Amino acid sequence: MYIRIIPGLFILLITGLSGCGKKNIVLISDGETLNNLSPITFDKNDNTSPSSNKEGSKILFTSKENNLYNIFLKTAPYSSNSIQRTNFYSTDIQPCFSNTGNLFCYSSNRYGDFDIFIQNVSSGYSALRVTSTDDDDVL
């Protein structure tokens with residue numbers, strides 16, 4: 001089990017919630033107990049690396065679909081809809097919101113080694129590569 005504390009929210013990463021041994025993300029609001037979990041993701045994909053904006057109204061996470069890890073966005077934590085934010089034949093992991101919440105950064109190996117990229121939260125798949133070294137650059 002993994003616990004990530006975000007102001008006003010507790011996010012857990014639990015293995016086996018969907019009955020298939022995959023990781024899913026659940027939300028515990030203040031005052032709730034482990035007996036009252038609210039799933040953020042509930043599918044047969046590995047869902048990891050949750051990150052919330054300051055207000056807790058948006059959550060980015062990594063999901064493994066079709067053997068690829070990409071970044072997805074939930075604009076409402078309890079919504080069943082996720083918006084795919086990256087779409088590359090690579091591994092895109094560890095999303096993190098900027099202080100303003102308009103941008104996010106993540107690590108990707110789309111050019112070989114892991115580099116750090118910055119992307120707009122609300123538009124398209126266009127990303128700016130920030131690092132380009134021979135070593136892995138991860139957040």
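Two strands count as paired here if DSSP finds at least two bridges between them. With that in hand, let's look at this predicted model, starting with its sheet.

Four strands line up in the order β9-β10-β11-β12 to make an open sheet, and the pairing is antiparallel. β9 and β12 (127-129) sit at the edges with a single partner strand each, so one side of each has no neighbour in the sheet. On average, neighbouring strands are turned by 30° against each other, direction ignored. As a bit of background, strands of a sheet pair through backbone hydrogen bonds, either parallel or antiparallel.

Here are two of the pairings, side by side:

| Strands | Sense | Bridges | Residues standing opposite |
|---|---|---|---|
| β9 (residues 92-97) and β10 (residues 103-111) | antiparallel | four bridges | I93 and S107 |
| β10 and β11 (residues 113-120) | antiparallel | seven bridges | Y111 and D113 |

What links β9 to β10 along the chain? The two strands form a hairpin, with five residues between them. In that turn, G101 has a positive phi of about 85°.

Now for the cysteines. How many disulfides does the model have? The count is zero. C96 is in no disulfide, and the nearest cysteine sulfur belongs to C105, 4.7 Å away. Why is there no bond for C105? A disulfide needs the two sulfur atoms within 2.5 Å, and the sulfur of C105 lies 4.7 Å from the closest cysteine sulfur, in C96, so the gap is too far for a bond. The two residues also have their own exposure values: C96 is partly exposed, with a relative accessible area of 33%, while C105 counts as buried at 19% relative accessibility.

Next, the inside. In soluble globular proteins, nonpolar side chains tend to be buried together. The largest nonpolar core in this model has eight residues: L60, I71, L73, F97, F104, Y106, F117 and V121. β7 (68-74) and β10 are the elements that give two or more residues to this core. F117, one of the core residues, touches quite a list of others, not counting residues up to four places away in sequence. Among them are F104, C105, Y106 and Y111, as well as A127, L128 and R129.

Finally, how far can you trust the picture? The protein chain averages a pLDDT of 76, and 66% of the residues score at least 70. Over residues 15-20 the pLDDT is below 50, although this stretch has 14 contacts in the model beyond near neighbours in sequence. Where pLDDT is low, the predicted coordinates should not be read in detail.

Key
Residues are numbered from 1 along each chain as its sequence is written. This is a predicted model: local features need pLDDT of at least 70, side-chain atom pairs count only at pLDDT 80 or more; totals for chains, interfaces and linings use all residues. Side-chain values use heavy atoms; hydrogens and water are left out. Buried means under 20% relative accessible area, exposed over 50%, partly exposed in between (1.4 Å probe, protein chains only). pLDDT is the predictor's confidence in each residue, from 0 to 100. Contact means heavy atoms within 4.5 Å. Axes are lines fitted to C-alpha atoms, for helices over the stretch in contact, and angles run from 0 to 180 degrees between N-to-C directions. A nonpolar core is a set of buried Ala, Val, Leu, Ile, Met, Phe, Trp, Tyr and Cys residues joined through side-chain atoms within 4.5 Å.
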